[in-house]
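Biologist: Please take a close look at one part of this structure, and explain each term when you come to it.

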2 protein chains.
Amino acid sequence: MKYDAPEWATLPILERVRRSLPSEVIAPPLRRLDGVGLMCENLQVTGAYKVRAICHLLNLLKDGLGPKGLALASSGNFAVALAWAGRHYGVPVTAVMMRRSHPWKVQRVRDWGGQVVFSGDSTEERTEALHGLAQDGIHIVDHLTDPQVLVGHATLGLDLAPAQPRQVIVPASTGGLLVATSLALKQINPLVRIVGVQPKGANAMVDSLRNGELKRLDTVVTECDALTANRPGDLPWELAQQWVDDMVEVSEEAIRATVRYLAEEAKLVVEPGGAAGLAAYHSGQIPEQEGTWVVLSGGNIAPARLAEWIQ
Amino acid sequence: MKYDAPEWATLPILERVRRSLPSEVIAPPLRRLDGVGLMCENLQVTGAYKVRAICHLLNLLKDGLGPKGLALASSGNFAVALAWAGRHYGVPVTAVMMRRSHPWKVQRVRDWGGQVVFSGDSTEERTEALHGLAQDGIHIVDHLTDPQVLVGHATLGLDLAPAQPRQVIVPASTGGLLVATSLALKQINPLVRIVGVQPKGANAMVDSLRNGELKRLDTVVTECDALTANRPGDLPWELAQQWVDDMVEVSEEAIRATVRYLAEEAKLVVEPGGAAGLAAYHSGQIPEQEGTWVVLSGGNIAPARLAEWIQ
């Protein structure tokens, strides 16, 4: 099978974008534990992969931004990365967060000087609140539709490429990281298998791919505060049917056990959403295969909550 | 100042030993956080630096060992590394642990097929129990006096050298890692400043250096189960006066806060003893200096205990 990337995401473009990111955006440690590879993106600056896309966006936009700066919608990690990058680039930033966003993440955004606007908990309510900000003269980025967000995410795939993965497991919410990782890796090796993982109670992408049409969940029930999208992103959905090989659902119990396992065995703090991929692999639903890598996509969990989870 | 290393620890020897270690013994991630470098040896295989010395010893000894294999004394991490290496090399191993050794570490040794013999809690009682095993036909290694243990530890210094450190902060118990790190790094750059850290309630090396003679503590009071030596090792003590620039004491409260900080900010699980160096740096007792690196020497803390510490 041959994979033709969209013209905005060819390998030379992705490689140029990777080189343009600040040096603080590390190529994260690639470790092996009990026969599976762990891409430790939880150790990324701001504790999650989102900083890649934010820095790419600010590289593109910073010279044209008005005094009110940039805004985007986020359940948490995107907002944290936005606040860090706003400070790094000296740009005012606003995050549309949800009422149920975790207080630790909200506080972190404020600590780093970001503005927070709250919206309702659905992906649609967030998007509506974001577009409202545009009328106030804030430049908005809608990560459900903006290809440059995927270009930023795709740099994660490039950082995993030296490990020559044969199967890569990626947590999915709107599906952006999932398809973006595939955009990068399948251009390098079309045979690499890309598997997405969602919590059982937040399985909009699973459901959509199963039905062949974009599905919307009425309710989302998961402790993975990074994986709460009640529908796939428009652009990730468009790409997912070609670029994603399989999707798997995982239980909250399995995720909890994996957060604990990663603390005990890997000495890594990984948030629930970041641990979903390894939880799925350990659940036996994904073929065991040499060259399997799991993206530990984030580590932003409040100490008190981590304590409760690993007790 | 010029540093003449002992003939058993010249740079070419250390470099050859580093190359001889199994590939599982990683050069750990070197990260920067809030202006200080973190050498993440907590991410080392077996969760601590001790595996370096064990593998070096087994490379030297394995062909000459009898059917009862190898033994050494350990408060915990050395024993865990011994058990892992015993399995890796196919050699029977026995660890002399203390009654107060943490149950998580004792269980880990047994899980990996190591024998455990318990001794009293003082460094002397451990050593006595170890020498008792020699009479049973077990080859013993006494880490208080064996230069090859320091040679193994010194490979950690080599892995830090690419960061070109100007000041390195190292937790100390018997002082082996402290002097060994210095043996490696001062041969590369005599100007590098090497600072040892001990908990206030387990400060035998601090006390010895302050008094210019080897001092023994009657009691040791610390939650750092990796830093419980009540006296310096003989060989570390002999070298410390020349090779260590400063020693600092740190409170249990500061260590606890640092374990929490490392989980929240660095997304790293670090055991109390492994966090002592950063705790000391944050306490303001060590000059702030660019090029400061802290050795996070271990991450072996039971999840339930970590939960209690970070709550």
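Modeller: Two residues are in contact if their C-beta atoms, placed from the backbone, lie within 7 Å. The model is predicted, so local features need pLDDT of at least 70 and side-chain atom pairs pLDDT 80 or more, while totals for chains, interfaces and linings use all residues. Residues are numbered from 1 along each chain, with chains lettered from A and ligands numbered from 1 as written.

With neighbours within four places in sequence left aside, V294(A) is in contact with V36(A), G37(A), L38(A), M39(A) and I169(A), and also with G277(A), L278(A) and Y281(A). Both V294(A) and I169(A) are among the residues with the most contacts inside the largest nonpolar core, a set of 214 residues, and that list also holds L82(A), L82(B), I169(B) and V294(B). Such a core joins buried Ala, Val, Leu, Ile, Met, Phe, Trp, Tyr and Cys through C-beta atoms within 7 Å, where buried means 20 or more other C-beta atoms within 10 Å (exposed: 12 or fewer; partly exposed: in between).

In chain B, helix α11 covers residues 272-282, and because 10 of its 11 residues are buried, α11(B) is largely enclosed by the rest of the structure. Helices (H or I, at least four residues) and strands (E, at least two) are DSSP runs numbered from the N terminus. The buried residues begin with P272(B), G273(B), G274(B), A275(B) and A276(B), and continue through G277(B), L278(B), A279(B), A280(B) and Y281(B). Among the elements of chain B that cover these buried residues are the strands β2 (36-39), β7 (167-171), β8 (193-199), β9 (246-250) and β10 (292-295), together with helix α10 (252-266). After α11(B) comes G284(B), which has a positive phi near 85°.

Turning to where the two chains meet, 18 residues of chain A are in contact with 18 residues of chain B. On the side of chain A that touches chain B, the elements giving two or more residues are α10 (252-266) and α12 (303-310) of chain A, and α12(A) supplies the largest share of that side, 5 residues. By class, the residues on this side of chain A are 10 nonpolar, 4 polar and 4 charged, counting Ala, Val, Leu, Ile, Met, Phe, Trp, Tyr, Cys and Pro as nonpolar, Asp, Glu, Lys and Arg as charged, and the others, Gly among them, as polar.
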